[in-house]
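This report examines the packing and the charged pairs of one protein chain. The sequence and the coordinates are shown first, and the discussion follows.

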Amino acid sequence: MSRWLPKTFRDHPAVLLLAAKEMWEAFSYVGLRTVLVYYLTQDLGYSTEDASLIYGTFLGVAYVTPILGGWIADRFIGRSAAIVGGALLKMAGYIGLVIGANVTGCLAAIVIGNGLFLPTLPATLGALFSPNAPDRQRSFSFYYLAVSAGALLAPLICGTLGENFGWRYSFLASASGLAAAIVIFLAGRHLLPPDRPAAASHPVDEAPVAATSLSVIPLLAGVLAAVIVLRVAYEQLGNTVALFAASQVDRSLGADITIPYTWFQSLNPLGVILFTPLLVWGWRKAAARGGAQNDYFRMAIGSCIMAAAFVGLALIIKLGQPGEISWPVLAAFFLMVTFGELWVLPVGLSLFARLAPAGRGAITIAFWYSARAAGNFLAGLMGRAEPALGYGNFFLLCAVFPLLAATIFVAIGRRSRRIIEAA
């Protein structure tokens with residue numbers, strides 16, 4: 001059976017373990033993210049503006065806590081303990097939502113748990129390879145693909161349960177997915193490299209690590225700034241775009257079938273699954289021919305693709321009528337945004353893991369996720385402007401952000417070679 005697996009998985013079974021674990025964790029998290037605004041507005045009675053702010057704040061804080069969690073994992077408890085402990089905290093939050101506990105307390109437990117284990121998974125994956133190993137970039141792309149497989153299933157299962165039986169059944173499905181992730185990780189833990197805290201395993205390496213860190217700070221800071229700007233638009237997929245799908249799109253499929261609005265959230269991970277092998281194949285062929293492998297140029301291309309998707313959707317809205325926008329238009333928009341995303345987010349994650357100083361992998365990855373935190377929070381704030389602007393003008397405004405991100409990536413790319421060589 002192993003011959004049917006990608007070569008990267010056959011050569012590195014630990015990559016398969018981490019990918020499977022992350023697939024089910026992503027299922028649980030995306031399941032919650034898919035239904036959160038609907039739960040807040042339909043069950044708890046929040047306004048659209050307040051639900052948008054809560055959504056953005058929750059996702060934002062969930063990607064700030066990894067900075068502290070990554071430091072704790074690197075310095076004190078190690079990666080494995082952080083992964084398991086964080087997952088158990090998240091499990092408590094999901095179960096709390098199932099039984100109707102205070103929503104603020106439940107979301108707080110989830111974001112604290114997220115902070116512990118989220119940065120440790122990519123850091124563990126990065127520890128499997130030397131910085132310039134040929135399989136390194138491909139492993140991160142397949143890891144991202146596994147995340148998307150879980151994210152694909154989440155709206156189909158959690159969303160369908162929520163729409164038909166109540167949103168608490170969505171939370172129960174999320175808790176079940178996280179339980180599967182914990183079992184998979186514990187069963188295959190022996191495949192992973194040692195994860196002793198940096199303080200115990202490298203007690204005299206502080207000076208070289210600090211010097212290396214300083215040499216790449218301008219580069220990483222510039223990438224973070226660009227990704228924050230990009231995510232202001234990208235994170236609208238689960239916020240204003242989700243509400244747009246529920247209220248303004250003709251979701252009819254034949255005479256008697258209406259597509260559930262939560263299912264559109266599966267188009268993003270479906271696009272990742274479809275497009276990732278093609279992009280990895282194309283990049284591998286380009287590398288074999290000696291083609292340019294500039295990560296910053298790739299991220300600029302992806303940003304422009306995302307901007308074009310928002311412009312296209314905005315123009316179609318302006319030319320159409322509410323409720324008459326056909327669902328294939330929205331589907332094409334999701335897939336186009338996803339194609340652009342694949343030129344940016346997995347490439348940036350791999351870049352951060354490659355430039356991470358020895359013994360500081362988790363905390364470096366945590367700063368990568370901090371861009372997601374800031375982007376989510378700003379996206380939530382921006383989403384409050386949609387009722388005043390209308391969907392057409394709002395999505396046109398969204399296109400400005402990925403275009404600005406592309407400009408930043410191009411500027412970084414022109415200066416990156418000297419910084420990387422110095423590092």
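Which residues does Phe 333 touch, not counting residues up to four places away in sequence? In this predicted model, Phe 333 touches Leu 237, Val 241, Ala 309, Phe 310 and Leu 313.

**Confidence**

The protein chain has a mean pLDDT of 80, with 83% of its residues at 70 or more. Among the elements, helix α19 (residues 391-398) has the highest mean pLDDT, 94, and helix α10 (residues 198-201) the lowest, 44. Over residues 197-212 pLDDT stays under 50, and the model has 20 contacts beyond four places in sequence for this stretch. Where pLDDT is low, predicted coordinates should not be read in detail.

**Nonpolar cores and aromatic pairs**

The largest nonpolar core contains 109 residues, of which Phe 333 and Phe 395 touch the most other members. A second, separate core has 6 residues, among them Phe 27, Val 30, Ala 154 and Ala 173. In soluble globular proteins, nonpolar side chains tend to be buried together.

Phe 333 and Phe 395 also belong to a cluster linked by ring pairs, together with Phe 244, Phe 310, Phe 334, Tyr 391 and Phe 394. Phe 244 is one of the buried residues of helix α12, which also include Thr 240, Val 241, Ala 242, Leu 243 and Ala 245. Helix α12 (residues 240-247) is mostly covered, with 6 of its 8 residues buried.

The whole structure holds 15 aromatic pairs. In one of these, Tyr 39 and Phe 171 meet edge-to-face, with 5.0 Å centre to centre and 85° between the planes. Tyr 39 lies in helix α2 (residues 13-43) and Phe 171 in helix α9 (residues 167-187), so this pair ties together parts that are 132 residues apart in sequence. Tyr 39 is buried at 4% relative accessibility, and Phe 171 is buried at 1%.

**Salt bridges**

A search of the whole structure finds 4 salt bridges. The table lists three pairs, including the N to O distance of each.

| Pair | N to O distance |
|---|---|
| Glu 25 and Lys 90 | 2.6 Å |
| Arg 384 and Asp 50 | 3.5 Å |
| Arg 298 and Asp 295 | 3.8 Å |

Glu 25 in helix α2 and Lys 90 in helix α5 (residues 79-98) are 65 residues apart, and their pair links distant parts of the chain. Are the two partners buried or exposed? Glu 25 counts as buried because its relative accessibility is 3%, under the 20% limit; Lys 90, at 0%, is buried as well.

The salt bridge between Arg 384 and Asp 50 likewise links distant parts of the chain, with Arg 384 in the loop between α17 (361-383) and α18 (386-389) and Asp 50 in helix α3, 334 residues apart. Arg 384 is partly exposed at 35% relative accessibility, and Asp 50 is partly exposed at 36%.

Arg 298 and Asp 295 are 3 residues apart in helix α14 (residues 295-319), so about one helical turn separates them. Both Arg 298 and Asp 295 are buried.

**The surroundings of Ser 52**

Ser 52 lies in helix α3 (residues 48-62) and is buried, with a relative accessible area of 2%. A polar atom of the Ser 52 side chain lies 3.0 Å from the backbone oxygen of Gly 380. Leaving aside neighbours within four places in sequence, Ser 52 is in contact with Asn 239, Gly 380, Gly 383 and Arg 384. Arg 384 is thus shared between these contacts and the salt bridge with Asp 50.

Technical notes
Residues numbered from 1 in each chain as written. Heavy atoms only, no water. pLDDT = per-residue confidence, 0-100. Helix = DSSP H or I, 4+ residues; strand = E, 2+ residues; numbered from the N terminus. Contact = heavy atoms within 4.5 Å. Phe/Tyr/Trp six-rings, centres within 6.5 Å; stacked < 30°, edge-to-face > 60°. Buried < 20%, exposed > 50% of the residue type's maximum accessible area, 1.4 Å probe, protein only. Polar contact = N/O pair within 3.5 Å; in protein donor to acceptor, adjacent residues only side chain to side chain. Core = buried A, V, L, I, M, F, W, Y, C linked by side-chain atoms within 4.5 Å. Salt bridge = Lys/Arg side-chain N within 4 Å of Asp/Glu carboxyl O.
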